[in-house]
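Student: I should like to go through this structure and ask, for each term applied to it, what justifies the term.

Tutor: Please put the structure on display, and we shall begin.

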Amino acid sequence: MTPSIVYDFHKHRIGDTIGAAYCLDVHHLLTAGKDAIGIINRGAIDICRWFPWLADHAVAEPPPEWADVPRYPLGNIWITAPTVKQAHGVPPRMAVPLDDSHWDVALHCLEDADYNTGRNHTPAQFDELERWLNWHGKKVYRVPSRDGPLPATVDDILAEIGRAKIYIGGDTGFSHAFAAMHPDRPLIAIYGDDWSDAVGFEEERARMNCPHRWCSDPLSFRLYKRIMTDHRFDERQVKALLEKLLQLPPP
């Protein structure tokens, strides 16, 4: 059946794919599936695997009869997605592994952002967090670096992130993935200062007539956001938060 509207995930990064899938999923839920949305599944991750409830609407390449079908007017994902979350309060729902509590904490140190380099972390701080958590007897999954000795596929990493009780990471697709898998689990997001982006997209927000400003925060319902200065965060503050979340004994 030819859909009434189409959304194409072409050139979507992981986070963009998740944000767009969230908006489409909420639209589908709110309309009780009455709108026949066609999905072109060619983003950074497989919609059919990670959002299986959208799979019936997905194709790898658009058939010829979809050529003249209107495109879904999603606009800027990081204006639309937070607006949808604010307006409807619907949590994201990304597929998770059956063994979804194996790791106490998943850590992702972002070292090699190829754009907006203010997002990059200082590796020594994540090394220290890992040592500290191990000293407390906690099981830690460390997202491997892009050039690490044990290369992992994106799907492998997503599966391991989905097995964590708590996640600590930055402004990356993996943070968005944890939020979408476990919207009610603690997510400590360590970001660079993104105020200039919010200001820069303000005119676009007004044109879109969306009440929420641009915001690349994960779609988490239990988000703890910390802002870095010169690529560094307050380790004592993050450790104190982890002590409460993990119910660690006092030092």
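**Terms and their grounds**

Tutor: Strand β4 (residues 103–107) and β5 run parallel and are joined by three bridges. Please bear in mind throughout that this is a predicted model.

Student: What makes β4 and β5 count as paired strands?

Tutor: Pairing requires at least two bridges between the strands. β4 and β5 have three bridges, so the condition is met. Within this pair, Leu107 has Arg142 of β5 as its bridge partner.

Student: To which sheet do these strands belong, and in what order do its strands lie?

Tutor: They belong to an open sheet of five strands, with the order β5-β4-β6-β7-β8 and parallel pairing.

Student: Why are β5 (140–142) and β8 (223–227) called edge strands?

Tutor: Each of them pairs on one side only. As for the twist of this sheet, neighbouring strands are turned by 20° against each other on average, direction ignored.

Student: Which helix packs on this sheet, and which strands does it touch?

Tutor: α6 does, touching β6 and β7. The direction of α6 makes about 150° with that of β6.

Student: How do you know that α6 is mostly covered?

Tutor: A residue counts as buried under 20% relative accessible area, and nine of the nine residues of α6 are buried. Among them are Gly173, Ser175, His176 and Ala179.

Student: What covers the buried residues of α6?

Tutor: The cover includes the helices α1 (14–30), α2 (47–50), α3 (77–88) and α5, together with the strands β6 (164–169) and β7 (187–191).

Student: Let us take α5 and α6. Why are they called oblique to each other?

Tutor: Helix α5 (residues 154–161) packs against helix α6 (residues 173–181) at an angle of about 45°, and their axes are 10 Å apart. Angles under 35 degrees would count as roughly parallel, and 65 to 115 as roughly perpendicular. The angle of about 45° falls in neither range, and α5 and α6 are therefore oblique. The crossing of α5 past α6 is right-handed.

Student: Which residues make that contact?

Tutor: From α5 come Val154, Ile157, Leu158 and Ile161, and from α6 come Phe174, Ala177, Phe178 and Met181.

Student: What is the make-up of the contact of α5 with α6 by class?

Tutor: There are eight nonpolar residues, no polar ones and no charged ones.

Student: Turning to α1 and α6, what makes this pair roughly parallel?

Tutor: The axes of α1 and α6 cross at roughly 30° and come within 7 Å. Roughly 30° lies under the cut-off of 35 degrees, so α1 is roughly parallel to α6. α1 passes α6 in a left-handed crossing.

Student: Which residues of α1 and α6 are in contact, and how do they divide by class?

Tutor: Ile14, Gly15 and Ile18 of α1 meet Gly173, Phe174, His176, Ala177 and Ala180 of α6. They divide into five nonpolar, three polar and no charged residues. Gly counts as polar in this scheme.

Student: Asp25 is in helix α1. Why does Asp25 count as buried?

Tutor: Its relative accessibility is 4%. Buried means under 20%, so Asp25 is buried. Leaving aside residues up to four places away in sequence, Asp25 touches Trp53, Leu54 and Arg93.

Student: Why does Lys11, by contrast, count as exposed?

Tutor: Lys11 has 71% relative accessibility, and exposed means over 50%, so the term applies. Lys11 is placed in the loop between β1 and α1. Its phi is near 65°, a positive value in a residue other than glycine.

Student: Where does Gln247 lie, and is this residue buried or exposed?

Tutor: Gln247 lies in the segment after α9 (235–245). Its relative accessible area is 70%, over the 50% limit, so Gln247 is exposed. Phi of Gln247 is near 55°, again a positive value in a residue other than glycine.

Student: Finally, what is the order of the sheet that contains β1?

Tutor: Three strands form that open sheet in the order β1-β2-β3, and the pairing is parallel. β1 (5–8) and β3 (58–59) are its edge strands, since each pairs on one side only.

Student: How do you know that β1 and strand β2 (residues 37–40) pair?

Tutor: They share four bridges in the parallel sense. At least two are needed, so β1 and β2 pair. In this pair, Ile37 of β2 is the bridge partner of Ile5.

Notes:
Residues are numbered from 1 along each chain as its sequence is written. This is a predicted model: local features need pLDDT of at least 70, side-chain atom pairs count only at pLDDT 80 or more; totals for chains, interfaces and linings use all residues. Side-chain values use heavy atoms; hydrogens and water are left out. Axes are lines fitted to C-alpha atoms, for helices over the stretch in contact, and angles run from 0 to 180 degrees between N-to-C directions. Angles under 35 degrees count as roughly parallel, over 145 as roughly antiparallel, 65 to 115 as roughly perpendicular and the rest as oblique. A crossing is left-handed if the near helix is turned anticlockwise from the far one by less than a right angle, and right-handed if clockwise. Contact means heavy atoms within 4.5 Å. Buried means under 20% relative accessible area, exposed over 50%, partly exposed in between (1.4 Å probe, protein chains only).
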